[in-house]
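This report describes selected strands and helices of one protein chain and how they are arranged.

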Amino acid sequence: MKIDILHQKLNSLLGNRFTIAESTRANYARGEDVFDPILSQGIAFPNNNNEVSKVVKICNDNKIPIVPFGTGTSLEGHVLGNTKGITISLENLNKIISVNAEDFDCRVQAYVTRKQLNEELKNKGLFFPIDPGADASIGGMAATSASGTMAVKYGTMRTIVTGLTVVLPNGEIVKTGTRTKKTSAGYNLTNLFIGSEGTLGIITEIHLRLSPIPENIMSAVCHFPDLESAVLTAQEIIQYGIPIARIEMLNKDQMQISINYSKLENLEAKPTLFLEFHGSTNSNREAIDVVKEISKNNNGNEFKWAQSTEERNKLWKARHEVYYSVKSQLPNIKIYTTDICVPISNLVECIKFAEREIKKYGLQAPMVGHVGDGNFHSTIIYDPNKKEDYKMIRNFSNKLIDKALELDGTVTGEHGIGINKKEYLKKQHPDNLPLMQTLKKSIDPNNIMNPGKVIDLE
């Protein structure tokens, strides 16, 4: 089918909710990644599952590629456009369908964001605990198996998603999972689609487990003389089995940037742990006493507490703004973000390796980490006009990936594969790739769903 005939069919279905305007296509051409924008042939804005299904069926019948698009906050090239296909924006699927407070669960459409959901839930004494920083859409978070700052206590999207509605590449609509706490009914199709990054179907609805808002929340920061001491403290907290909701590490460079960008007062530009405790007043006090002792043994300073909800929110807002704080350092720069995760016992060795290599290459690379679950990021600043700089950064990234795999880690803890990490996936799972390709070909024989992302079929 010629592309203009496709346009006619989609215009007939969606009216002005399908557009080929260049300015609109440019807005949906990439995420927060290092790649240059790629404009799709058009952008579709369906309103519901049935419209998504009809759009997908038209594209599948005519072998037209599709790129699903949420809030566009992904970092690995997941939502780059396709010059031969269309992009489907899910922004009109933005409703909270149901909240079952008695059972601690809810169902939402794909474009509902974490902040939107938590605003709805707060008066019910519940919250959605997966917190990747950006105000991402929950459909996108499921598609990339996101996690973030509270994974150490509450897990990842794989942990709390109990069911999905997915539009398959042939346009069929399937519902996976159940509201129950457990099930043994057949293959776990829910987890097949979580982390599939739009390559197997379009997630349009998500069923989630929720958590009660804790009785007592206490947040603090603790400075350390060096990064190794900070990371060792986090490692020992986890190994002692101390209940803690968040342990976030910022190195000296990142602390200086965050102090200036987020206007943090009374904090120092030193390697720092951001800590948060969720529980009863008594259980938090007990946990805090042990954590203080561990920190002291590793030469940590006295804890600096967020004394009010406003101060606590400001502290974690600063942590969430890390990416944008680094991006603000110079005009017209790009940020290459690594995403290594290793077993907690190997974290100190991996971060020390990253520090040494960063210095060796002379890179400006502030470092942050969800160190409670072995995950950290180097946010590397570079000038996109200097091709040799990107080549050097990729060499650093390659070495860091090899080190993570040597330490029984993974090439991505939470960002996913997209385009940027396809070669790394081959390193981690060479024996898995043929099975992944078989699944992709079986579900999407025309290879229309986000082609070229995660795996190649050639």
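In this predicted model, the side chains of strand β6 alternate in direction: D105, R107 and Q109 point one way, C106 and V108 point the other way, and all of them are buried. Because 5 of the 5 residues of β6 (residues 105–109) are buried, the strand is largely enclosed by the rest of the structure.

Strand β6 has antiparallel pairings with β5 (residues 96–100), over 4 bridges, and with β10 (residues 202–209), over 5 bridges. In the pairing with β5, C106 of β6 is the bridge partner of V99. In the pairing with β10, D105 stands opposite R209. A hairpin is formed by β5 and β6, with 4 residues between the two strands. F104 lies in the turn of this hairpin and has a positive phi of about 55°.

The antiparallel pairings, including one from the open sheet described further below, are listed here.

| Strand pair | Sense | Bridges |
|---|---|---|
| β5 and β6 | antiparallel | 4 bridges |
| β6 and β10 | antiparallel | 5 bridges |
| β1 and β2 | antiparallel | 2 bridges |

Helix α4 (residues 114–121) has R114, L117 and L121 as its buried residues. They are on the same side of α4, because they cover an arc of only 65° around the axis. An α-helix has 3.6 residues a turn, so residues three or four places apart point the same way. The elements that cover the buried residues of α4 include strands β5, β6, β7 (126–127) and β10, together with helices α5 (138–144) and α12 (309–320).

A separate topic is the open sheet of 4 strands, which has the order β1-β2-β4-β3 and mixed pairing. Its edge strands are β1 (18–19) and β3 (66–69), each of which pairs on one side only. Between β1 and β2 (residues 42–44), T19 has I43 in β2 as its bridge partner. Helix α3 (residues 49–61) lies across β2, β3 and β4 (86–89), and runs at about 165° to β4.

The last site is I380, which is found in strand β19 (residues 375–382). Is I380 buried or exposed? I380 has a relative accessible area of 0%, and buried means under 20%, so I380 is buried. Leaving aside residues up to four places away in sequence, I380 touches K334, I335, Y336, T338, L363, Q364, A365, I393 and F396. One of these, I393, is 13 residues from I380 along the chain, and the C-alpha atoms of the two are separated by 7.7 Å.

Conventions
Residues are numbered from 1 along each chain as its sequence is written. This is a predicted model: local features need pLDDT of at least 70, side-chain atom pairs count only at pLDDT 80 or more; totals for chains, interfaces and linings use all residues. Side-chain values use heavy atoms; hydrogens and water are left out. Buried means under 20% relative accessible area, exposed over 50%, partly exposed in between (1.4 Å probe, protein chains only). Two strands pair if DSSP finds at least two bridges between them. The arc is that of the directions from the helix axis to the C-beta atoms. Contact means heavy atoms within 4.5 Å. Axes are lines fitted to C-alpha atoms, for helices over the stretch in contact, and angles run from 0 to 180 degrees between N-to-C directions.
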